[in-house]
Amino acid sequence: MNLHQHLANFKIGLRAHSPRHPRYLSNMVKRRLRCGLHLDHLWPGGWSPRPILWVDAIPTYRCNLECKMCFQRNDEGAVRWALQDQEFSPDQWKLIIDRVAQFAPTILWIGGEVLIYPRIVELLAYSKRKGLKVLIVTNGFFLANVAEKLVEIGVDLVTVSIDGSETLHNAIRQNSQAFTRAVEGIKAVLAVRQARRSSLPIVTINHVITRHNYRQIFEFVTFARELGVDVVQFLGLIYLDQTTMQCHREVLRSEFSIEAANIDALDNSQYASGIDTTWLQEQINTLRETSPGFPALRFCPSGFEDYIEAHYGPDGLLPLAHQRCSAPWQKMTIQPNGDVIGCCKLPNLYTGNVLNEDLESIWNGQAFRRFRQRIKQGPLPGCIRCGWLSYR
Ligand SMILES: C[S@@+](CC[C@H](N)C(=O)[O-])C[C@H]1O[C@@H](n2cnc3c(N)ncnc32)[C@H](O)[C@@H]1O
Ligand code: SF4
């Protein structure tokens, strides 16, 4: 990474994490120390101190798109964890926001597709009024309609998923308007942000690298730069082979007495096969060396940018034994029915329900601590390629 990129990343980091309150800056420093050095694993008995990084809020798993590689959907488009008939109302979510605001500095709204949830803008505004930093991840389809409001409210970060050129993106997302709508949404947010001379929201593009788009990453960064976004985050595709899926099922059954909820949705190897990993690694190296720093480039999992061959190779090649996960020490996820889970990839690993218990009791409750103690021993078989692991 060159000096320009370091400076740009630093600037974005500051803007993303400390726009209003000194608490954000101090939390960011503590978190980076905790995550990077895995200091969290030193706490005894699976206990974890606050501050936590953020709370994921998932008001719905429903979505208007059926993306081919989505880890929430199988090949028939069925939602991985269908809780549709149990979704909470916006008013119930306000009660949850009150609790989150007592407990964490940041709330990350994600789905499914969060912008199809009723009165979502009202909930984002309510979160801000309660003093939370507010982040959203969206496919961007309905973003233009709410752009003005999001900037007015002061949403801190908007992440929009775009997987390539118009033809590619629409094919992957299986919708002929997906690209145009996402790009119009981003343009609308950036235009309002500029008109109001605001530095927020930070606008990020998530870009999942698959066999379909990997040859065009240079063109994609140029496109993102011309669009004016702040960050491009390249995501390594999450997928598992059949053997790993079976091991994962067995571990969840024997150690937690739960079924791996629709893990078939991770049967995405076909979108990874055939990638020329040597070529891709060279391209990524060149991209990092030559990038002028705008947009800032991020890679997820951390270190993925140096482990392309391992990430897109057979499951057995991944250096899982050396990897450690900090997620259960850093964040919790609230599902559409208020259930709290310690990992967003393990939807039925129940640790409590937000309307029945306060978040502090759930956070260091028996189920959460037991889960942390297990993860401290090493990731589960199905954890490979997860963005919370680090290859470094
Ligand atoms: C599950 S989506 C939910 C938010 C929203 N619907 C969207 O598409 O941005 C969250 C992020 O995961 C990414 N994603 C989906 N399937 C993936 C996979 N198999 N591997 C890595 N990232 C994936 C999406 O592109 C998106 O950036
Ligand atoms: S838009 Fe997001 S949640 Fe919906 S199918 Fe695509 S990746 Fe999955």
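## Close-up views of the predicted model

**View 1. Helix H9 has the length expected of it.** At 1.5 Å a residue, the 15 residues of H9 (residues 242-256) should span 21 Å, and the end C-alpha atoms agree, being 21 Å apart. The expected span is 1.5 Å times one less than the number of residues. Helices (H or I, at least four residues) and strands (E, at least two) are DSSP runs, numbered from the N terminus. The model is predicted: local features need pLDDT of at least 70, side-chain atom pairs count only at pLDDT 80 or more, and totals for chains, interfaces and linings use all residues. Residues are numbered from 1 along each chain as its sequence is written, while chains are lettered from A and ligands numbered from 1 in the order in which they are written.

**View 2. H9 has a buried side and an exposed side.** Thr 244, His 248 and Leu 252 are the buried residues of H9. They cover an arc of only 75 degrees around the axis, so they sit on the same side of H9. The arc is that of the directions from the helix axis to the C-beta atoms. Residues three or four places apart point the same way because an α-helix has 3.6 residues a turn. On the other side of H9, Gln 242, Thr 243, Glu 250, Arg 253 and Ser 254 are exposed. Buried means 20 or more other C-beta atoms within 10 Å of the residue's own, exposed 12 or fewer, partly exposed in between, with C-beta atoms placed from the backbone. Ser 257 follows H9 and has a positive phi, near 55 degrees.

**View 3. Ligand 1 is surrounded by 18 residues.** The closest are Phe 71, Asn 139, Ser 161, Asn 206 and Ile 238. Strand S3 (133-138) and strand S5 (202-209) are the elements that give two or more residues to this shell. Shell residues have a C-beta atom, placed from the backbone, within 6 Å of the ligand. By class, ten are nonpolar, seven polar and one charged. Here Ala, Val, Leu, Ile, Met, Phe, Trp, Tyr, Cys and Pro count as nonpolar, Asp, Glu, Lys and Arg as charged, and the others, Gly among them, as polar.

**View 4. Ligand 2 has its own shell.** Cys 63, Cys 67 and Cys 70 are among the residues around ligand 2. So are Leu 65, Glu 66, Gln 72 and Arg 73. Gly 111, Gly 112, Glu 113 and Asn 139 complete the list. Asn 139 is also one of the closest residues to ligand 1. The shell of ligand 2 divides into four nonpolar, four polar and three charged residues.

**View 5. Trp 109 is a buried residue of strand S2.** S2 covers residues 106-109. Trp 109 counts as buried because 23 other C-beta atoms lie within 10 Å. Leaving out residues up to four places away in sequence, Trp 109 touches Ala 57, Val 114, Leu 124, Leu 135 and Ile 136. Contact means C-beta atoms, placed from the backbone, within 7 Å. Val 158 is 49 residues from Trp 109 in sequence and 9.8 Å away in space, C-alpha to C-alpha.

**View 6. Two peptide bonds to proline are cis.** From Arg 50 to Pro 51, omega is near 10 degrees. Pro 51 lies in the loop between helix H2 (22-37) and strand S1 (54-57). From Leu 200 to Pro 201, omega is near 0 degrees. Pro 201 lies in the loop between helix H7 (178-195) and S5.

**View 7. Gln 174 and Arg 385 have positive phi.** Phi is near 55 degrees at Gln 174, in the loop between helix H6 (166-173) and H7. Gln 174 has 13 C-beta neighbours inside 10 Å, so it counts as partly exposed. Phi is about 75 degrees at Arg 385, in the segment after helix H14 (366-376). Arg 385 has 25 C-beta neighbours inside 10 Å and therefore counts as buried.

Notes
Two residues are in contact if their C-beta atoms, placed from the backbone, lie within 7 Å.
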